[in-house]
Structure formats: structure tokens, C-alpha cells
Amino acid sequence: MSISFDLNASGKNTGYLVVGDSTNNSGWATHRVPIISFKNGEGPTVLLVGGTHGDEYEGQIAAASLSRSLDINDVTGRIIIIPCISMEAARNGNRLWNDGANFNRVFPGNENGGIHGKLAHFLSSELFPQCDGVVDMHSGGRSMYFIPSSNMTWVKDKNQRAKLIKNMVAWNTEVHMIGGEQPNTDPYSLLNRNAEAQGKSVSTGEFGGIGTTTPQSMRIIKEGLANFLRAFGVLKGAVKTRDEMGRGPVSIIDFRDGNKFINAPRAGIYENLVALGAEVKKGDIVGQIHDVDHPDVPPVQVRTATDGVVGVIRGFPPVVTGDCVCVVGKKWDSLDAIENEETRA
Ligand SMILES: [Zn+2]
């Protein structure tokens with residue numbers, strides 16, 4: 001694997017991550033992933049990655065838009081942009097690669113594996129070590145819709161957590177989401193956690209979903225990304241306040257408790273009965289599942305097992321048993337309140 005230009009060269013450079021490939025239509029192919037580098041003067045290096053999941057287009061468009069609009073004279077340090085790392089999945093409108101690989105579960109990659117394994121290995125062993133910051137932009141993809149928000153994993157290490165909080169807040173989204181680790185999953189197989197394990201300052205977000213973009217979601221991600229880059233010290237200009245960005249009061253939705261994920265109790269067509277941002281109480285109905293083969297059978301009601309705010313709703317109605325249909329998180333008015341509870345616990 002290689003890059004088609006010198007990543008240390010000054011100015012704006014555009015080229016490809018080049019991976020040896022061999023397809024049915026081209027035995028000696030190269031798989032090419034666009035990469036753009038802006039290097040100017042002194043400052044940190046930040047890597048921006050879109051399209052970790054193929055059907056999450058907000059980050060891909062925000063990254064590509066930035067790479068076209070960025071003036072090299074506004075950069076102080078180096079910004080490396082990969083607008084879409086999982087190109088095959090993005091072209092197909094899928095979260096996953098054709099062989100079922102989830103690019104956010106293949107780290108640290110495999111130098112001799114499939115294309116995704118080679119890309120993950122290159123990011124992990126060649127790109128991350130050169131970076132101070134790594135930004136991984138997500139959304140709900142085709143299956144879910146998130147309140148557009150910057151987010152973080154609430155890690156135990158306080159120094160690392162402080163960095164993650166600082167990065168999350170810099171996006172000035174009206175909502176921030178705090179996640180826990182997915183049960184039964186190696187956390188370091190995720191892109192962001194692999195970078196974190198290398199001591200990198202990481203930032204992530206879930207900026208909408210349902211496989212589409214809206215003017216609202218794109219405004220939130222584009223303005224937030226620019227503010228993050230200013231706060232990180234790699235883009236010149238004053239960091240904007242929430243007021244200057246026209247943002248209202250912040251709320252934090254906390255998904256750390258595993259009860260907050262609501263899964264379909266049976267297969268069918270899922271109907272959302274609550275809106276994003278709605279407050280619900282334990283036992284409230286959040287949706288119902290219709291049996292399309294038997295329209296005279298009453299739908300099965302789906303309830304929340306916990307009080308909280310609806311942060312994620314279903315975006316793709318067909319469900320099988322066990323699919324996630326809604327996520328309800330505990331609402332906090334400030335990050336300090338969470339830290340204080342942590343101290344008491
Ligand atoms: Zn994602």
C-alpha cells in the first residue's frame with residue numbers, strides 16, 4: 001500500500017491511497033481511495049475520515065466539501081482528508097463492504113488481508129502515528145436516525161476523557177451523546193478506539209442518518225467541523241461560541257446504560273411512534289411492529305425499559321428479531337453533572 005504523493009509536502013496535494021487489487025474484471029487492478037493533504041506552517045496534524053460506514057453520507061460530503069473550499073493559507077499545521085474510506089460500501093448504499101466487513105470492526109487491520117484490512121492496517125500503522133488528532137464522522141446510516149450531534153465514549157482514563165470532552169464540545173452541536181462500549185466487541189477493533197489507544201486526540205459524531213442528508217444535518221456537521229479544527233489549532237481564526245453559531249442550550253444524552261437500546265421483539269415492519277428528542281418514561285410505547293403477511297393481526301407494541309430522551313429512531317422499517325429500533329438515553333444538562341456523579345459513585 002502506498003500514497004500517490006508525499007504526505008509531508010507543503011501546500012495542497014490531492015491523490016490516492018493505492019492498494020493492490022485483483023478483480024474479475026481487472027487482474028492487476030489498484031484500489032484507489034482519494035486522499036487530500038493541506039500542509040502550511042507550524043501546527044498539529046489532523047486526519048479527517050468520512051465513510052467509515054458506506055451509507056453515512058454526511059461526513060463524506062462534509063469532508064469532500066472542506067477539501068474543495070479550504071484555503072491553504074488558513075491552515076496552520078496539516079489537515080489530511082479521506083472523504084470516503086469505504087468506497088465500495090458507499091457506492092452500494094451499504095453500511096458494510098460487499099464481503100460483510102464492517103470497517104469500524106477491522107482494526108488494527110491486516111497487511112495481507114482484504115482491501116479493508118489493508119486500509120485499516122495502513123491507517124493504524126502509517127497514518128495515525130503521524131497525527132495528533134483523528135476525526136471519524138458517522139451517522140445512523142440507512143437503518144437509524146440520530147439527533148445530529150458530536151459524541152464520545154466515556155472512557156475511564158480521566159486525562160484521555162478530558163481530551164475527548166474538549167473535542168466533543170468544540171463542535172457546538174445542541175446535543176452531545178455519550179456512549180458506552182458495545183458488549184462482546186473488542187473496543188480496539190474500532191477506528192476511533194484504535195487511534196485513542198495510540199494516544200491520539202479523537203473526535204467522533206453521529207450527524208443524522210437514514211441514508212440521506214438534510215440542509216440541517218449538513219449545516220451542523222460542516223459548521224461544527226470547522227469550529228473543531230479552529231479549536232484544535234489547525235485552522236486559523238477565532239473559535240466560535242455557541243451564541244455566535246446560533247446554537248441553543250446544550251443537552252447531553254447518555255447511552256452508557258445497556259437498557260437504553262430497544263430491540264425488535266419480532267420481525268415485521270416497524271413504525272416509529274415517538275419523535276427524536278421526545279421525553280419518555282419507562283414502559284411508554286415507542287413504536288409498533290406490523291405483520292404484513294397478516295394485516296388483521298394487531299401490531300406488537302414496543303416499549304422503553306427506561307426513562308429518558310429519544311436520541312435515535314428507526315430509519316429503515318423492515319426489521320428482524322433483535323434489530324435496534326430506538327435508543328433512549330438519560331438526559332443531562334451539563335457534563336459537569338456527569339463528572340460530579342462519577343466522583344460520588
Ligand atoms: Zn457509522
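**Exercise 1. Place Pro-108 in the chain and describe the peptide bond before it.**

Solution. Start with the location. Pro-108 sits in the loop between α2 (87-91) and α3 (115-127). The model is a predicted one. Now take the bond. Phe-107 and Pro-108 are joined by a cis peptide bond. Its omega is about 5°.

**Exercise 2. Phe-107 also turns up among the contacts of Leu-191. Find where Leu-191 lies, decide whether it is buried or exposed, and list what it touches.**

Solution.
- Step 1: Leu-191 belongs to helix α5 (residues 191-197).
- Step 2: Count its neighbours. There are 25 other C-beta atoms within 10 Å of Leu-191. The cut-off for a buried residue is 20 or more. Leu-191 is therefore buried.
- Step 3: Leave out residues up to four places away in sequence. Leu-191 then touches Val-49, Thr-52, Asn-104, Phe-107 and Asp-136.
- Step 4: Check one pair. Leu-191 and Val-49 are 142 residues apart along the chain, and their C-alpha atoms are separated by 9.7 Å.

**Exercise 3. Two residues other than glycine, Asn-172 and Ile-210, have a positive phi. Give the angle, the loop and the burial of each.**

Solution. Take Asn-172. Its phi is about 55°. Its loop runs between α4 and β9. It has 23 C-beta neighbours inside 10 Å, so it counts as buried.

Take Ile-210. Its phi is near 50°. Its loop runs between β10 (201-206) and α6. It has 20 other C-beta atoms within 10 Å, so Ile-210 is buried too.

**Exercise 4. Which strands pair with β9, and in what sense?**

Solution.
- Step 1: Locate the strand. β9 covers residues 175-179, and four of its five residues are buried.
- Step 2: Look at strand β8 (residues 149-153). β8 and β9 are parallel and share four bridges. One bridge pairs Thr-153 with Gly-179 of β9.
- Step 3: Follow the chain between them. It leaves β8, passes through helix α4 (residues 158-170) and reaches β9. This β-α-β crossover is right-handed.
- Step 4: Look at strand β11 (residues 251-254). β9 and β11 are also joined by four bridges and run parallel. Here Val-175 stands opposite Ser-251.

**Exercise 5. Trace the antiparallel partners of β3.**

Solution. First, strand β2 (residues 11-21). Eleven bridges connect β2 with β3 (residues 29-40) in the antiparallel sense. Tyr-16 has Pro-34 of β3 as its bridge partner. Next, strand β5 (residues 77-82). β3 and β5 are antiparallel, with five bridges. Phe-38 faces Ile-79 of β5 there.

**Exercise 6. An open sheet has four strands. Give their order and explain why two of them have a side without a neighbour.**

Solution. The order is β16-β15-β13-β18, with antiparallel pairing. β16 (300-303) and β18 (318-319) stand at the edges. Each has a single partner strand, so one side of each has no neighbour in the sheet. For β18, the pairing with strand β13 (residues 268-272) has two bridges. In one of them, Ile-269 meets Pro-318.

**Exercise 7. How do the two domains meet, and what does the largest nonpolar core draw on?**

Solution.
- Step 1: Set the bounds. The domain assignment gives domain 1 (2-249) and domain 2 (258-344).
- Step 2: Measure across. The centres of domain 1 and domain 2 lie 28 Å apart, taken over C-alpha atoms.
- Step 3: Count the contact residues. There are 13 in domain 1 and twelve in domain 2. Strand β7 (residues 144-146) gives the most on the domain 1 side, with three residues.
- Step 4: Turn to the core. The largest nonpolar core has 83 residues. Val-46 and Ile-79 are among those with the most contacts inside it. Helix α6 (residues 215-232) supplies the largest share, seven residues. Each domain contributes at least three residues to this core.
- Step 5: Zoom in on Val-46. Leaving aside neighbours within four places in sequence, its contacts include Ile-79, Cys-131 and Leu-229.

**Exercise 8. Compare the radius of gyration with that of a compact globule.**

Solution. The protein has 345 residues, so a compact globule would have a radius of gyration near 20 Å. The protein has 20 Å, which agrees.

Terms used:
Residues are numbered from 1 along each chain as its sequence is written. This is a predicted model: local features need pLDDT of at least 70, side-chain atom pairs count only at pLDDT 80 or more; totals for chains, interfaces and linings use all residues. A nonpolar core is a set of buried Ala, Val, Leu, Ile, Met, Phe, Trp, Tyr and Cys residues joined through C-beta atoms within 7 Å. A residue is buried if 20 or more other C-beta atoms lie within 10 Å of its own, exposed if 12 or fewer, and partly exposed in between; C-beta atoms are placed from the backbone. Domain bounds come from an automatic or database domain assignment. Two residues are in contact if their C-beta atoms, placed from the backbone, lie within 7 Å. The radius of gyration is taken over C-alpha atoms; the globule rule is 2.2 Å times the number of residues to the power 0.38. Two strands pair if DSSP finds at least two bridges between them. A crossover is right-handed if, with the strands pointing away from the viewer, the path from the first strand over the helix to the second runs clockwise.
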